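Q: Got a minute to walk me through a structure? I'd like the overall picture and then a few local details.

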Amino acid sequence: MEKTEQILQIKKLLHRLDTGTNVDAGEIYENQTSNYTDKNLAGREWKTFFCDTPQLVGLSGDLSENYSFLTIQELGTPILAVRDGKGQFHAYVNACRHRGVVVEEEERGISKRFTCQFHRWTYDAHGTLVGLPKQDHFGELETEKFGLLELPSEERHGLLWVHPDPDGQIDLENLLTPQLLSELETWNLKDLVFLGSDTYDVACSWKLAMDTFGETYHFSSLHETTLYNSFHGNVQCYDTFGDNHRMLLCRRDIDEMRSLPEAEWKITTAALPVYWLFPNIQLMPSKEGLYLVRAYPDPDDPGKHRSLISFYLRSEFAANAEMREIFMMISEGFAKVIRDEDYAVGASQQVNANSHALQTVIFGRNEPALHHYHSTYKRVLESVSKNI
Ligand code: FES
Ligand SMILES: [Fe+2]
C-alpha cells in the first residue's frame, strides 16, 4: 500500500477510535437464508464462480523453484500447476490423455516428469507426452497431439491465476480493477515463501465461511479471549475495488502511531489488511508474511464447504529457522481461531438456515463488507442468467 494511503487510512482508524465511530453502510441489509441452502442457486454459483471464472490457485512462493508443482482438487476440473525449466508458470488439466486418470496425485512437490499410474504414460513440465510404453503394441498415435490439456494461466504480482476452462480468458484488470492490482503489487507478494497450510472441511456454506471475515463487530464477543487481545473490535476501514474490497482491521498496536512522526507510520503495525477477492478469497498481508484463505463449495451439498488456509513468510525472515517456527506457531493459532470460533458459528448458522425457520438474517450498518459481498453475488448471478 502506498505511503500516502497508509497515512490516510491510519488517520481514519485513529479518528474512529477516538470518536467511538465505525465505518457505516448507511442502512441495514436483509439477506435471504435460502442463499445458503438453495441447491439450484448452488448449481448456478458453482458454474459461474468456480467453472467459468479465473481462480487464484496460490502464490508464486507455492512454486518456489523450476519444476515445482501444485495440484488443485477443489474445482470441477482437477488442475496441475507447474513451473517449467525456465521458471514459466503453466497449468494443465490433471488428466491423462490415455484414459483420463489423474496424472499427479501429490498436493505439491518437485518433478520434471509426471507419470500416470495406470499405464505409465509420462508428461514433462510443458505437458508434452514424452513416454508411452509399448507403443508398437498400443498403435500409431501422433503423440504431439496428446499432451496434457493446457489451461489459461497468468502469474501477476506474486499471484497464480488459472482459468479452469481451456477456452476461458484471464483478464485481471477487469476481475480486480487496475487500482487493486497496483496496490497488490506494493505488497511484494512474489517474495513470499510458502510455510504451511491447513485444510478444514466444515458443515457450513462457503459463503457463511466468507461472511465471518466481513466485520469486526464480533471481535469483542466471539474472539474475546483470542483476537480481541490484539485487535480493537467494531472499528475498521472499508473500501471497494469493483466486485472486490479491502478491510483494515484495527490492531491495538495502532497506539504506537500516536508518538511517531507520520513518516514512520506503518499500516501493518496499525492494522491487518484483508483483501476480499470476490468471491472466495481472503488475502491478509502482514509485516511478517501473509495468510491466504480460500473457500470452495461442496458441489453436492450447499451446506458444506472446504477451506484451505495457507501461510507464507517474507523471504528476509524465511532463512531464519527461529522466525519460521514462531510464524508457523502464530499462523496455526490464527487458523485454529478461524476453525474453532468463526467456522463453529458458521456451522451453527447453517443448522438454522437448513431449518428454514428464519427467512432472512440481517447485516448491520457496521457490516458493509457483507452488504457489498451479497449484493455483488446477487448482481453477478442475475446478470449471468439474463445473458443465457
Ligand atoms: S490412463 Fe494414464 S496411462 Fe493409461
Ligand atoms: Fe472472526
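A: Sure, here is a short run through the fold, one helix pair and a few single residues.

Q: What kind of model is this, and how are things numbered?
A: This is a predicted model, where local features need pLDDT of at least 70, side-chain atom pairs count only at pLDDT 80 or more, and totals for chains, interfaces and linings use all residues. Residues are numbered from 1 along each chain as its sequence is written, while chains are lettered from A and ligands numbered from 1 in the order in which they are written.

Q: OK, how many helices and strands does the protein have?
A: There are 10 helices and 20 strands. Both are DSSP runs, numbered from the N terminus: helices are H or I with at least four residues, strands are E with at least two.

Q: What about the radius of gyration?
A: The protein has 22 Å, and a compact globule of 388 residues would be near 21 Å, so the two agree. That radius is taken over C-alpha atoms, and the globule rule is 2.2 Å times the number of residues to the power 0.38. Along the principal axes, the C-alpha trace spans about 80 × 50 × 35 Å.

Q: How much of the protein is buried?
A: Buried residues are 41% of the 388. Buried means 20 or more other C-beta atoms within 10 Å of the residue's own, exposed means 12 or fewer, and partly exposed is in between, with C-beta atoms placed from the backbone.

Q: Switching to helices, how do H2 and H10 pack?
A: H2 (residues 39-51) and H10 (residues 368-387) pack at about 90°, with axes 11 Å apart. The axes are lines fitted to C-alpha atoms, for helices over the stretch in contact, and angles run from 0 to 180 degrees between N-to-C directions. That makes H2 roughly perpendicular to H10; the bins are under 35 degrees for roughly parallel, over 145 for roughly antiparallel, 65 to 115 for roughly perpendicular, and oblique for the rest.

Q: Which residues make the contact?
A: Arg44, Glu45 and Thr48 come from H2, and Val380, Leu381 and Val384 from H10. Contact here means C-beta atoms, placed from the backbone, within 7 Å.

Q: Which residues of H10 are buried?
A: Those are Pro368, Ala369, Leu370, His371, His372, Tyr373, His374 and Tyr377. The cover over the buried residues of H10 includes strand S1 (29-32), helix H6 (206-211) and strand S14 (231-241).

Q: Now Glu104: where is it, and is it buried or exposed?
A: Glu104 sits in the loop between strand S5 (89-93) and strand S6 (108-110). It counts as buried because it has 26 C-beta neighbours inside 10 Å.

Q: And what is Glu104 in contact with?
A: Leaving out neighbours within four places in sequence, Glu104 is in contact with Phe69, Thr71, Leu80, Asn94 and Phe114. Phe69 belongs to strand S3 (residues 68-72) and is buried, with 23 other C-beta atoms within 10 Å.

Q: Where is the cis peptide bond?
A: Phe278 and Pro279 are joined by it, with omega about 0°. Pro279 is in the loop between S16 and strand S17 (281-285).

Q: What about phi of Tyr67 and Asn188?
A: For Tyr67, phi is near 70°, a positive value in a residue other than glycine. Tyr67 is in the loop between strand S2 (55-59) and S3, and is partly exposed, with 17 other C-beta atoms within 10 Å. Asn188 also isn't glycine and has a positive phi, near 50°. Asn188 counts as partly exposed, with 13 C-beta neighbours inside 10 Å.

Methods
Two residues are in contact if their C-beta atoms, placed from the backbone, lie within 7 Å.
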